[in-house]
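Subject: Structure handover

Hello,

Here is the structure I said I would pass on. My notes follow below it.

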Amino acid sequence: MQKLKERVGVTGLQIPTAVLEEYGIPEGASVMIEVEEKMIRIVPEQLTEEAIKKLAINYVLNHVGDATAIDKPKFENENWIVSVVLPYKQIQLGTLVFSKTGTLLTSVSTTPEEMLRC
């Protein structure tokens, strides 16, 4: 988690575009601002394909291994579907399903253990 120190001005708070883009919120994107007691969360209304790729790649590297790869994410039924493949054997190991805001939906995704059994 990155920490920034910014000053609230008369027009509000400004977050540098580079920081937002690093977290999958490009210039011009729509965001949802969730305000709770002592916390403000900025969530993209829908992540870009590139941001989903990064999430999926990080997930498989950390949970399955570096011999895996992902296919191009597809947006279907309000979710991002990402196939996890073993390129040198040309087989699909499983599927990761992300919400449009980037939350991994574990109940409908293939578990790392299942992918490792292939």
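For the charge count, Lys and Arg are taken as positive and Asp and Glu as negative, while His and the chain ends are left out. On that basis the protein carries 12 positive and 16 negative side chains. The centres of the two sets are 4 Å apart. Please keep in mind throughout that this is a predicted model.

Overall layout

The protein contains three helices and six strands. Read from the N terminus, the order of elements is α-β-β-α-β-β-β-β-α. The radius of gyration is 17 Å, well over the 13 Å that the globule rule gives for 118 residues, so the protein is more spread out than a compact globule. Along the principal axes, the C-alpha atoms fill a box of roughly 60 × 30 × 25 Å.

Burial and surface come next. Of the 118 residues, 28% count as buried. The exposed area is about 8,600 Å², and carbon and sulfur atoms supply 51% of that area. As for contacts between residues at least 6 apart in sequence, 27% of them join residues at least 24 apart.

The core

Which residues have the most contacts inside the largest nonpolar core? They are V60, V82, L96 and F98, in a core of 16 residues. Helix α2 (49-63) and strands β5 (79-86) and β6 (91-99) each supply at least two residues of this core. The largest share, five residues, comes from α2.

L96 deserves a separate entry. With its neighbours within four places in sequence left aside, L96 is in contact with A56, Y59, V60, W80, I81, V82, V84, L104, S109, T110 and M115.

Two residues of helix α2

E49 belongs to helix α2. Its relative accessible area is 27%, and a residue counts as buried only under 20% and as exposed only over 50%, so E49 is partly exposed. Not counting residues up to four places away in sequence, E49 touches K72, P73 and W80. The C-alpha atoms of E49 and F75 are separated by 8.4 Å, with the two residues 26 apart along the chain.

N62 is also found in helix α2. Is N62 buried or exposed? At 63% relative accessibility, N62 counts as exposed. N62 and V31 are 31 residues apart along the chain, and their C-alpha atoms are separated by 28 Å.

The loop between β4 and β5

Two residues here have backbone angles to check when you go through the model. N77 lies in the loop between β4 (74-76) and β5. Phi of N77 is near 50°, which is a positive value in a residue other than glycine. At 73% relative accessibility, N77 counts as exposed, because the cut-off for that class is over 50%.

E78 lies in the loop between β4 and β5 as well. Phi of E78 is near 70°, again a positive value in a residue other than glycine. How does E78 count in terms of accessibility, and at what value? E78 counts as partly exposed, at 48% relative accessibility. That value is not over 50%, so E78 does not enter the exposed class.

That is the end of my notes.

Regards

Terms used. Residues are numbered from 1 along each chain as its sequence is written. This is a predicted model: local features need pLDDT of at least 70, side-chain atom pairs count only at pLDDT 80 or more; totals for chains, interfaces and linings use all residues. Side-chain values use heavy atoms; hydrogens and water are left out. A nonpolar core is a set of buried Ala, Val, Leu, Ile, Met, Phe, Trp, Tyr and Cys residues joined through side-chain atoms within 4.5 Å. Buried means under 20% relative accessible area, exposed over 50%, partly exposed in between (1.4 Å probe, protein chains only). Helices (H or I, at least four residues) and strands (E, at least two) are DSSP runs, numbered from the N terminus. Contact means heavy atoms within 4.5 Å. The radius of gyration is taken over C-alpha atoms; the globule rule is 2.2 Å times the number of residues to the power 0.38. Accessible areas come from the Shrake-Rupley method with a 1.4 Å probe; for residues, only the protein chains shown count as cover. The place of a charge is taken as NZ of Lys, CZ of Arg, CG of Asp or CD of Glu.
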